[in-house]
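Good morning, and thank you for coming. Please look at the sequence and the structure as they appear, and then follow me through the strands and helices one region at a time.

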Amino acid sequence: MKTVIYSIEDVEQAGAVIRAGGLVAFPTETVYGLGANALDADAARRIFEAKGRPQDNPLIAHIADFSMLDALCHDIPDVARRIAARFWPGPLTMALPKREIVPDTVTAGLPTVGIRYPSHPVAQALIRAAGVPIAAPSANRSGKPSPTTFAHVLADMDGRIDGIIRGGDAEVGVESTFIEFAEGKVRILRPGYITPEDLAEVVGAENVEIDGAVLKGLSENEHPRSPGMKYRHYAPSAPVVAVLGNNWDCAREIRRGVRGQVGAAAILCDEYADWIPCETLRVGRYGDYAAQAHRLFDALRELDRPDVRMIYAQCPDDRGVGLAVANRLKRAAGFHVIHARQLFVLGLTGSTGAGKGLVSQTLARIGAEIIDCDAVYHEMLRNDPALLANLCLEFPDAFSGGTLDRKALGRLAFQNEKELRRLNDITHPHIRRRITEILDKLEKRGIRFAVLDAPTLFESGADRFCDVTLGVTADPDVRAARIMERDGLDEEYARLRISAGKPDEYFKNQCDYMITNDGAPEALEQAARNIYQKIIYQQEDRKHGTSGIA
Ligand code: TXA
Ligand code: MG
């Protein structure tokens, strides 16, 4: 099918196409709609086909004057009229008892029909030109984000419909607020630009309800109040994680999440976007919910590409229009929502004998909570049932009488590279799980600064918990002497251990900060204090937007 592109001056022609049973996409203030004659069941059926939309998901009818409301609906409650008087024309849809003249195809068999009176002049002109109410879902292929630009509509609908009216970008950017009336209350089935607070001004806060599915999704067997709630929606092909929290904590959480990940992308507010080490799309200033609503769908579409493998998106709180943005994001994320940590984590690593222990003690004196990953691991080898069960399956010879012989495990694993890798593949996920639990506990206790002390910080993947990483190295001669003294080894063995470990370069390449410890313990302690100051200053600068100016 050839899709005709109409300019906004061509509404008369486009209206005639709709009156004749055709499909024309058109701009509205919320998102582009895919319009057909709302009184024509066959035309409505074509909408479902063009979108690939499930038959049980009803369409909403668009009107362009108040008299059309009474022509389509009966038993309109007084509150509905008061709400209409206040917010129409505008981004609000109401479910009301339908009259016979509205075909069942449009309402998917429901006794109610969603009515919306858009404020967009082109939408209004089109409805008047058609001379009939226009049934119009969002003009996207089913499951995709609603189209907020002409280009989005063209990408989804070219060749599938009769025409598209080429207007500007949708101003609001998220679909209309959808409400129903029940037991004297107004229930919000889909939040939008008209907020619960706005509705409360008309009917009182005690009479406004938000449907549970808006905030936390539908559970397995729950019956949705609105059919559209049960469908996968807005999601790009890559999994999306919605991150909740204040602006700075969200930015740090996202930064940790994407660092070192191939194909990671982020959607976040403007302030810290340039600090995130992956492709980032900015959606406006923090707290500017209207800007975020305006940008969100375009951002989700832009990231719907095969090279994007995971998406972190900053999720606003539920105030005002934030509720609508958060709802779309949570749905795009399949309600995979995480809370950004307030806890700041410094990863501490380094070569054996370099003096990591002293740095860790110094940071503890400054007030850090120390997580000693070696100790955590050894504790897990004693009594972590999940880890022990896995080890018992993979290294049965390291167990005698059901208990683990650590020395035997060491002998087996250190035979060669392959065995060691096999051991690490088992232990590292368990260690990360345990670290997550420990960090969660610290977070709950209100701790703000922790040090993750781990010789294998990067190999174990524990660096992904860290805001910054600090490496400690020292001259091999100095280290050999230290190891000999500390562990009572002869020189040959001490040197062997050093050469078995990672070279300095390894740490220098990966850590954000380095300390070289070739001097006295006092000098190392002073260096640790200095670097701590530097890290904190740089974080504060970044947080308050004064860094990067140089
Ligand atoms: O802003 C908007 O509302 C846009 C523009 C084009 O007006 N339209 C739009 O339509 O978003 P659509 O079909 O994409 O979303 C309508 C939602 C669907 O989730 C549907 O299940 C629900 O409203 N719905 C429609 N009629 C309903 C009814 N009678 N009762 C409950 N939910 C209904
Ligand atoms: Mg839709």
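Let me begin with a definition: two strands are said to pair if DSSP finds at least two bridges between them. With that in hand, please note that this is a predicted model. A hairpin through six residues joins E2 to E3. These two strands run antiparallel and are joined by three bridges. One of the bridge partners is easy to find: Val 24 is matched by Gly 35 in E3.

On E3 we also find a pairing with strand E7, residues 134-135, in the antiparallel sense over two bridges. Here Ala 36 has Ala 135 of E7 as its bridge partner. How many of the five residues of E3 are buried? Five of the five are, so E3 is largely enclosed by the rest of the structure.

Let us now place these strands in their sheet. It is an open sheet of 11 strands, in the order E1-E8-E2-E3-E7-E4-E6-E5-E9-E10-E11, and its pairing is mixed. At the edges stand strand E1 (4-7) and strand E11 (208-210); each has a single partner strand, so one side of each is left without a neighbour in the sheet. As a general reminder, strands of a sheet pair through backbone hydrogen bonds, either parallel or antiparallel. A parallel example is given by strand E5 (residues 92-97) and strand E9 (residues 177-182), which pair over three bridges. In that pair, Met 94 stands opposite Ile 179 in E9. Across E1, strand E2 (24-26), strand E3 (33-37) and strand E8 (163-166) lies helix H7, residues 150-157, and it runs at about 170° to E8.

I turn next to another open sheet. This one has five strands in the order E14-E13-E15-E12-E16, with parallel pairing. Its edge strands are strand E14 (279-282) and strand E16 (337-339), each of which pairs on one side only. From one strand to the next, the twist averages 25°. Strand E12 (residues 240-244) runs parallel to strand E15 (residues 310-315), and five bridges join them. Within this pair, Val 243 has Gln 314 in E15 as its bridge partner. Two helices deserve mention here. Helix H10 (residues 247-258) lies across E12, strand E13 (264-268), E15 and E16, at about 175° to E15. Helix H11 (residues 289-302) packs on the sheet and touches E13 and E14, its direction making about 160° with that of E14.

Let us move on to a helix further along the chain. Helix H18, residues 476-487, has 12 residues and reaches 16 Å from its first C-alpha to its last, close to the 16 Å expected at 1.5 Å a residue. Which residues of H18 are buried? They are Arg 479, Ala 480 and Ile 483. Seen down the axis of H18, the buried residues fall within an arc of 100°, so they line one face of the helix. They pack against helix H19 (491-500) and helix H20 (504-510). At the start of H18, a side-chain oxygen of Asp 475 comes to within 3.0 Å of the backbone nitrogen of Asp 477. Just after the helix, Gly 488 takes a positive phi of about 60°.

I close with a single residue, Leu 409, in helix H16 (residues 406-413). Why does Leu 409 count as buried? Its relative accessibility is 3%, and buried means under 20%. Beyond its neighbours within four places in sequence, Leu 409 is in contact with Leu 381, Leu 391, Phe 395, Ala 398, Leu 404 and Leu 423.

Definitions and conventions
Residues numbered from 1 in each chain as written. Chains lettered and ligands numbered in written order. Predicted model: local features only at pLDDT ≥ 70, side-chain atom pairs only at ≥ 80, totals over all residues. Heavy atoms only, no water. Helix = DSSP H or I, 4+ residues; strand = E, 2+ residues; numbered from the N terminus. Contact = heavy atoms within 4.5 Å. Axes fitted to C-alpha atoms, helices over the stretch in contact; angles between N-to-C directions. Expected span 1.5 Å × (residues − 1). Buried < 20%, exposed > 50% of the residue type's maximum accessible area, 1.4 Å probe, protein only. Arc of directions from axis to C-beta. Polar contact = N/O pair within 3.5 Å; in protein donor to acceptor, adjacent residues only side chain to side chain.
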